[in-house]
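Welcome! Here are a few exercises to work through at your own pace, each with a worked solution. Have a look at the sequence and the model before you begin.

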Amino acid sequence: MTKRPLILVTNDDGITAPGVRALIEAVKDLGDIVVVAPDSPQSAMGHAITINSTLHLERVKIDESGRIEYSCSGTPADCVKLAVNEILDRRPDLCVSGINHGSNSSINVIYSGTMSAALEAGIEGVPAIGFSLLDYNYNADFSAAKIIAKKVTQEVLKNGLPKDIVLNVNIPNLKKEDIKGIKICRQAKANWQEEFDKRQTPQGKDYYWLTGKFVNLDKGEDTDEWALENGFVSVVPVQFDLTAHHYVQQLNTWNFND
């Protein structure tokens with residue numbers, strides 16, 4: 001008999017977050033599910049890993065499904081490392097991360113714990129998808145996102161992904177009937193204009209809250225930001241090779257060796 005696909009589920013909002021529960025529900029019929037997720041929120045952790053303190057894993061029971069689930073004291077990337085190297089008895093066929101509460105489009109992919117988990121899976125040689133819903137509300141409606149997540153997961157299981165390619169999927173905060181479709185995009189050129197709200201403790205010590213606004217500098221109609229603003233799900237293939245290959249030839253004209 002052909003083995004069912006082994007699907008690793010993780011996230012950055014914590015193992016009890018509604019988004020990861022929705023993702024489990026979306027993919028549970030597509031394979032054997034193992035969940036390894038942080039024991040507390042780890043948003044905006046980027047690709048941080050734990051090297052200066054110990055890591056703890058706990059087998060947990062979240063519902064009556066009997067599903068294998070572990071909470072981890074570390075980061076999303078730690079969760080994937082532990083899953084692949086310590087917990088699972090075979091390499092997963094797929095890793096799905098999310099569903100994140102909030103956008104991970106454009107430059108947000110750099111900061112995202114959700115996407116760092118997916119990228120870590122890619123580094124480990126496991127095809128991976130990160131899912132995000134453009135709603136930061138803890139009680140967001142994930143009904144449309146579940147349908148999208150299942151469809152994209154089915155397509156990846158059917159078609160596979162090239163080595164070192166991970167999908168970044170962002171879903172607009174719309175009802176399913178109002179989503180216009182799924183668009184393959186590039187990452188928009190955008191950034192955060194940061195500000196720091198400086199305050200003082202009663203003892204007179206300064207402290208800061210990071211604030212700011214997101215600025216889309218890209219007017220292209222092939223970007224993730226354009227797709228989301230126009231009612232489409234955006235799918236961006238991303239990679240972890242950060243080499244600016246187009247600039248290598250130019251650098252070779254510089255005189256470094258005299």
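**Exercise 1.** Which cysteine sulfur is closest to the sulfur of Cys-95, and how many Å away is that sulfur?

Before solving, a word on the model. This is a predicted model, in which local features need pLDDT of at least 70 and side-chain atom pairs count only at pLDDT 80 or more, while totals for chains, interfaces and linings use all residues. Residues are numbered from 1 along each chain as its sequence is written, and side-chain values use heavy atoms, with hydrogens and water left out.

*Solution.*
- Step 1: the closest cysteine sulfur to that of Cys-95 belongs to Cys-79, at 9.8 Å, which is too far for a bond. A disulfide here is a pair of cysteine sulfur atoms within 2.5 Å.
- Step 2: now try Cys-72. Its closest cysteine sulfur is also in Cys-79, and the distance of 4.0 Å is again too far for a bond.
- Step 3: searching the whole structure gives zero disulfides.

**Exercise 2.** Are Cys-72, Cys-95 and Ser-105 buried or exposed?

*Solution.*
- Step 1: set the cut-offs. Buried means under 20% relative accessible area, exposed means over 50%, and partly exposed lies in between (1.4 Å probe, protein chains only).
- Step 2: Cys-72 has a relative accessible area of 0%, so Cys-72 is buried. Cys-95 is buried too, with a value of 0%.
- Step 3: Ser-105 has 1% and therefore counts as buried.

**Exercise 3.** Where is Ser-105 placed, and which residues does Ser-105 touch?

*Solution.*
- Step 1: find the loop between strand S5 (94–101) and helix H3 (108–111); Ser-105 sits there. Helices (H or I, at least four residues) and strands (E, at least two) are DSSP runs, numbered from the N terminus.
- Step 2: leaving aside residues up to four places away in sequence, Ser-105 touches Asn-168, Asn-170, Asp-224, Glu-225 and Leu-228. A contact means heavy atoms within 4.5 Å.

**Exercise 4.** Which helix holds Gln-250, and how many Å separate Gln-250 from Lys-219?

*Solution.*
- Step 1: Gln-250 belongs to helix H7 (residues 245–251).
- Step 2: its relative accessibility is 40%, so Gln-250 counts as partly exposed.
- Step 3: C-alpha to C-alpha, Gln-250 and Lys-219 are 27 Å apart in space, with their positions 31 residues apart in sequence.

**Exercise 5.** How many helices and strands does the protein chain have?

*Solution.*
- Step 1: count seven helices and eleven strands.
- Step 2: of the 258 residues, 45% count as buried.
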